[in-house]
Amino acid sequence: MNGLLKRMLAPVHEALAGLQEAAEDNRRQGNNLICKGVVKSAPGGTRVVVRIGENTTPPIQFLVPAAGVTSHYRCPSPGEIAIVLNFGTGDNFDSCVALCGLCSDSFPFPTDNPDEVMTAYGEKAYTKVDIPSGKLTIHAAGGVEFVGTPEVKNTEGEIADKVRAMSLDRVIYDTHDHPGDSGGKTGATNQKQGG
């Protein structure tokens, strides 16, 4: 009777073993579905390699805020935290995408003021908006270059520095004189800047 019972239950044991193996595969794939890792490198600046525990992804795509008619590019930094989504749910991470941008001790937020929106571009440049006042601050240690920009003005059409507005510089230019050769003064300039 004991041998007969074993033979009768053998298919049930096999089915249970198969279910257990399938459950283990599902658990492993589920663990690999969403992972937290650290950017190891960014080969070519268009993909990232992410270290997840002892595993490393192949070069995979990374998310950018916009990639259509409006596009944005920022290469993730080595050491930056990444969330890896595995769309293929396999073990080799070939069909993964990295979501970068989580702050960390290595890369903290550039501000902790909830009334500011700030983007730091390395250590030498940043933009900052103070939301309550609407003030935009641009800091660019290397200068600002306008390319293909035919006109730069504020809503009143006036640009100024710490000394005066450009319209006042035009007045000075249009009315200035020079010492003459015989000790007097020359007349005002013939070529006016106008305004």
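## Surface, core and salt bridges of a predicted model

The accessible surface of the protein comes to about 14,800 Å², and 56% of that area belongs to carbon and sulfur atoms. The structure is a predicted model. Of its 195 residues, 13% count as buried.

**Overall layout**

The protein contains two helices and nine strands. Along the sequence these elements follow the pattern α-β-β-β-β-β-β-β-β-β-α. Among contacts with a separation of 6 or more, 33% are between residues 24 or more positions apart.

**The nonpolar core**

Which residues make up the largest nonpolar core? The set has twelve residues in all: C35, V39, V48, V50, I52, I60, F62, A82, V84, F93, C96 and A98. At least two residues of this core come from each of β1 (34–41), β2 (49–52), β5 (81–86) and β6 (96–102). In soluble globular proteins, nonpolar side chains tend to be buried together.

T57 sits in the loop between β3 (55–56) and β4 (61–62). Is T57 buried or exposed? Its relative accessible area is 4%, so T57 is buried, the cut-off for that class being under 20%. With neighbours within four places in sequence left aside, T57 is in contact with V48, V49, V50, I52 and F93. Of these contacts, V48, V50, I52 and F93 are also listed in the largest nonpolar core.

**The β7–β8 hairpin**

Strands β7 (residues 116–121) and β8 (residues 125–130) run antiparallel and are joined by six bridges. They form a hairpin with three residues between them. In the turn, G122 has a positive phi of about 70°. Y121 stands opposite A125 in β8.

**Salt bridges**

The structure holds three salt bridges. The table gives the closest N and O atoms for each pair.

| Basic residue | Acidic residue | Closest N and O atoms |
|---|---|---|
| R74 | E80 | 2.9 Å |
| K128 | E116 | 3.9 Å |
| R164 | D169 | 2.4 Å |

In the pair R74 and E80, R74 is partly exposed at a relative accessible area of 36%, whereas E80 counts as buried at 5% relative accessibility.

The salt bridge between K128 and E116 belongs to the hairpin described above. K128 lies in strand β8 and E116 in strand β7, so the pair ties together parts that are twelve residues apart in sequence. K128 counts as partly exposed, with 23% relative accessibility.

In the third pair, R164 counts as partly exposed at 33% relative accessibility, and D169 counts as partly exposed at 32%.

**A nonpolar surface patch**

Which residues make the nonpolar surface patch of about 900 Å²? The patch is made by V117, V129, I131, L136, I138, V144, F146, V152, I159 and M166. V117 falls within the residue range of β7, and V129 within that of β8.

F146 is placed in the loop between β9 (135–140) and α2 (166–175). F146 counts as exposed because its relative accessibility is 54% and the cut-off for that class is over 50%. Two other patch members, L136 and I138, fall within the range of β9, while M166 falls within that of α2.

Key: Residues numbered from 1 in each chain as written. Predicted model: local features only at pLDDT ≥ 70, side-chain atom pairs only at ≥ 80, totals over all residues. Heavy atoms only, no water. Patch = residues over 30% accessible without salt bridge, like charges linked within 9 Å, V, L, I, M, F, W, Y side chains within 5 Å. Areas by Shrake-Rupley, 256 points an atom, 1.4 Å probe, with all protein chains shown as cover. Salt bridge = Lys/Arg side-chain N within 4 Å of Asp/Glu carboxyl O. Helix = DSSP H or I, 4+ residues; strand = E, 2+ residues; numbered from the N terminus. Buried < 20%, exposed > 50% of the residue type's maximum accessible area, 1.4 Å probe, protein only. Pairing = 2+ DSSP bridges. Contact = heavy atoms within 4.5 Å. Core = buried A, V, L, I, M, F, W, Y, C linked by side-chain atoms within 4.5 Å.
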